[in-house]
Amino acid sequence: MTDLRTAIHICDDWIDIQLPDQETVIAAQMAFAANHHWTEIVPALGSIAVQFDPAVVSPEEAANIVRDQLDHARSTSDTSQSTINIPVCYDRKLAPDLDHVADRLGIAPETLPSWHTSRAQYVAMLGFMPGFAYLDSEEECPAIGRLSSPRQLVKAGSVGIIGRQSCIYSFDSPGGWPIIGRTPLRLFDPAKEQPALLSPGQTVRFESISLAEFENWTRAKDQ
């Protein structure tokens with residue numbers, strides 16, 4: 001396990017902690033989540049930030065708590081994370097860049113769904129928009145890169161990939177990731193107690209579904 005005691009930047013009501021890898025970010029997030037001092041915890045790629053109320057705890061006290069919790073994170077880093085299965089339709093109607101990605105990977109387009117569903121990935125962070133998930137995999141993968149010209153509209157649920165990293169769009173939006181499929185699941189629902197479907201540290205397993213299954217699932221969701 002990499003040493004978690006790394007660069008800490010203290011602001012008036014925020015502390016930003018630079019960490020060496022995503023494993024330590026997830027371990028730190030789990031340790032911080034068990035403490036009542038933090039009003040917000042924001043994990044990112046290679047760092048995590050915590051917000052506190054300076055009327056309750058001083059910046060110096062908050063920094064000491066951070067250091068203690070980073071030490072404690074060593075003992076929580078091996079705690080198993082939940083696994084969530086995400087159904088994805090890889091039909092070309094929903095996967096405009098399937099052929100392009102398959103070509104970059106050096107595989108046949110019809111084998112891309114099985115290739116993608118065989119890879120265990122984890123949620124590295126949420127960002128860009130509410131519920132938008134950045135996924136990473138420990139398995140090697142050729143670089144694919146972003147599209148040379150971003151799309152004006154990427155539909156919610158679209159699954160993008162640029163190499164080891166994948167993403168799932170939570171809302172309709174512009175976007176530059178090559179799209180290889182779409183899930184009928186709603187990634188963000190403000191009416192729920194836990195609005196975001198995914199959270200950092202979760203393991204994600206993709207499951208291939210047919211276009212008919214996707215459409216049936218979508219109709220049922222919208223009723």
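Gln121 has a bridge partner in strand β13, and that partner is Val204. The model in front of you is predicted. Gln121 belongs to strand β6, which covers residues 121-126. Strand β13 covers residues 203-209. Two bridges join β6 to β13, and the two strands run antiparallel.

Stay with β6 for a moment. Is this strand mostly covered or mostly open? It is mostly covered, with five of its six residues buried. Strand β6 also pairs with strand β7, residues 133-136. Four bridges hold this antiparallel pair. Find Tyr122 in β6: its bridge partner in β7 is Asp136. Together β6 and β7 form a hairpin. Six residues sit between the two strands. One residue in the turn is Phe128, and its phi is positive, at about 70°.

Now return to β13 and look for another partner. Strand β5, residues 83-89, is joined to β13 by seven bridges. What is the direction of this pairing? Strands β5 and β13 run parallel, whereas β6 and β13 run antiparallel. One pair to find is Val88, which stands opposite Ser208 in β13.

Pro87 also lies in β5. Is Pro87 buried or exposed? Its relative accessibility is 4%, and buried means under 20%, so Pro87 counts as buried.

From Pro87, step across to Trp217. These two residues are 130 residues apart along the chain. Their C-alpha atoms are separated by 9.9 Å. Trp217 is found in helix α5, which takes in residues 211-222. How accessible is Trp217? Its value is 38%, so it counts as partly exposed. That class lies between the 20% limit for buried and the 50% limit for exposed. Leu185 makes a second landmark for Trp217. The two are 32 residues apart along the chain, and their C-alpha atoms are separated by 8.2 Å.

Next, go to the start of the chain. Four strands there form an open sheet, in the order β1-β2-β4-β3. The pairing is antiparallel. Which strands are at the edges? They are β1, residues 8-10, and β3, residues 38-44. Each of these edge strands pairs on one side only. From one strand to the next, the twist averages 15°.

Look closer at one edge of this sheet. Strand β1 pairs with strand β2, residues 14-18, over three bridges. The sense is antiparallel. Within this pair, Ile8 has Ile17 of β2 as its bridge partner.

Helix α1 covers residues 22-33. In the loop between α1 and β3 you will find Ala34. Its relative accessible area is 70%, and exposed means over 50%, so Ala34 is exposed. Try tracing from Ala34 to Pro190. In sequence they are 156 residues apart. In space they are 24 Å apart, C-alpha to C-alpha.

Helix α1 and strand β3 also lead to a pocket. Rolling a probe the size of a water molecule over the atoms shows where empty space is left. The largest pocket holds about 390 Å³ of space. How many residues line it? There are 19. The closest to its centre are Gln29, Ile41, Pro43, Ser199 and Pro200. Both α1 and β3 supply at least two residues each to this lining. What kinds of residue make up the lining? By class, 12 are nonpolar, six are polar and one is charged.

Finally, step back to the whole chain. The protein chain has five helices and 13 strands. Along its principal axes, the C-alpha trace spans about 55 × 40 × 35 Å. Of the 223 residues, 48% are buried. Does the overall size fit or clash with that of a compact globule? With 223 residues, such a globule would have a radius of gyration near 17 Å. The protein chain has 19 Å, which agrees.

Technical notes. Residues numbered from 1 in each chain as written. Predicted model: local features only at pLDDT ≥ 70, side-chain atom pairs only at ≥ 80, totals over all residues. Heavy atoms only, no water. Pairing = 2+ DSSP bridges. Axes fitted to C-alpha atoms, helices over the stretch in contact; angles between N-to-C directions. 1 Å grid on protein atoms, 1.4 Å probe; cavity = no way out; pocket = protein on both sides within 12 Å on 5 of 7 lines; lining within 4 Å. Points joined across faces, edges and corners; volume = space filled by probe spheres on them. Nonpolar A, V, L, I, M, F, W, Y, C, P; charged D, E, K, R; others polar. Rg over C-alpha atoms; globule rule 2.2 N^0.38 Å. Buried < 20%, exposed > 50% of the residue type's maximum accessible area, 1.4 Å probe, protein only.
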